[in-house]
Amino acid sequence: MFGCLVAGRLVQAAPQQVAEDKFVFDLPDYENINHVVVFMLGTIPFPEGMGGSVYFCYPDQSGMAVWQLLGFVTNEKPSAIFKISGLKSGKGSQHPFGAMNLPQTPTVAQIGISVELLENLAQQTPVASAAVSSVDSFTEFTQKMLDNFYNFASSFAVTQAQMTPNPSEAFIPANVVLKWYENFQRRLTQNPLFWKT
């Protein structure tokens with residue numbers, strides 16, 4: 001029913017069923033994993049009105065299992081990407097896996113899927129840092145580049161009183177750079193591929 005994928009590794013399509021409505025995937029060497037994809041295989045849909053809450057479980061310093069809610073998969077949203085790097089510093093949350101223990105290896109974590117009523121899923125709050133940005137990497141890069149350029153250019157701003165005449169230099173008013181920056185941001189927000197036209 002479910003699959004789990006980590007980049008550079010084989011797809012896991014056979015979770016361990018630990019209860020009638022609970023499944024887990026082992027994640028060996030989890031400290032070297034940034035993102036994990038959880039998806040439905042398309043062979044068996046959820047029963048009507050049901051979905052799956054997706055949890056990440058790792059051992060804390062004392063070896064106790066810490067469970068954190070990542071998000072959900074449903075028939076309408078059959079796959080999701082979650083960021084698990086950096087979650088180790090967070091606190092655990094309520095979970096439906098009871099006193100399940102991790103494998104004895106401290107380098108193995110687990111992804112748990114609990115089949116639950118959709119109305120129960122809607123009342124749960126996933127760990128905010130597990131959500132993968134919906135902004136593509138090009139848009140994110142462009143935004144960071146704009147911010148960097150504006151900050152760099154602004155660091156050279158001087159008032160007219162501070163300016164010393166130099167015939168070999170051209171000066172651009174800071175408000176012109178700001179206007180360009182704001183226009184570019186607006187156009188990027190409206191259409192990230194506007195520059196291709």
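Start with strands 1, 4 and 7 of this predicted model: the three strands form an open sheet in the order 1-4-7, with antiparallel pairing. Strand 1 (2-5) and strand 7 (79-83) stand at the edges; each has a single partner strand, so one side of each lacks a neighbour in the sheet. On average, neighbouring strands of this sheet are turned by 20° against each other, direction ignored. In general, the strands of a sheet pair through backbone hydrogen bonds, in a parallel or antiparallel sense.

Next, select strand 1 together with strand 4. The two pair in the antiparallel sense over four bridges. Which residue in strand 4 stands opposite Leu-5? It is Val-37.

Now go to the loop between strand 3 and strand 4 (35-40), and pick Asp-29, which is found there. Its phi is near 55°, a positive value in a residue other than glycine. Most residues other than glycine have a negative phi. Asp-29 counts as partly exposed because its relative accessibility is 38%, between the limits of 20% and 50%.

From the loop, move to strand 3 (residues 22-28) and select Lys-22, which lies in this strand. Is Lys-22 buried or exposed? With 12% relative accessibility, Lys-22 counts as buried, because the cut-off for buried is under 20%.

Finally, keep Lys-22 selected, add Asp-21 and show both side chains. A polar contact of 3.1 Å joins the side chains of Lys-22 and Asp-21.

Conventions. Residues are numbered from 1 along each chain as its sequence is written. This is a predicted model: local features need pLDDT of at least 70, side-chain atom pairs count only at pLDDT 80 or more; totals for chains, interfaces and linings use all residues. Side-chain values use heavy atoms; hydrogens and water are left out. Buried means under 20% relative accessible area, exposed over 50%, partly exposed in between (1.4 Å probe, protein chains only). A polar contact is a pair of N or O atoms within 3.5 Å; within protein, one must be able to donate a hydrogen and the other to accept it, and residues adjacent in sequence count only if both atoms are side-chain atoms. Two strands pair if DSSP finds at least two bridges between them. Axes are lines fitted to C-alpha atoms, for helices over the stretch in contact, and angles run from 0 to 180 degrees between N-to-C directions.
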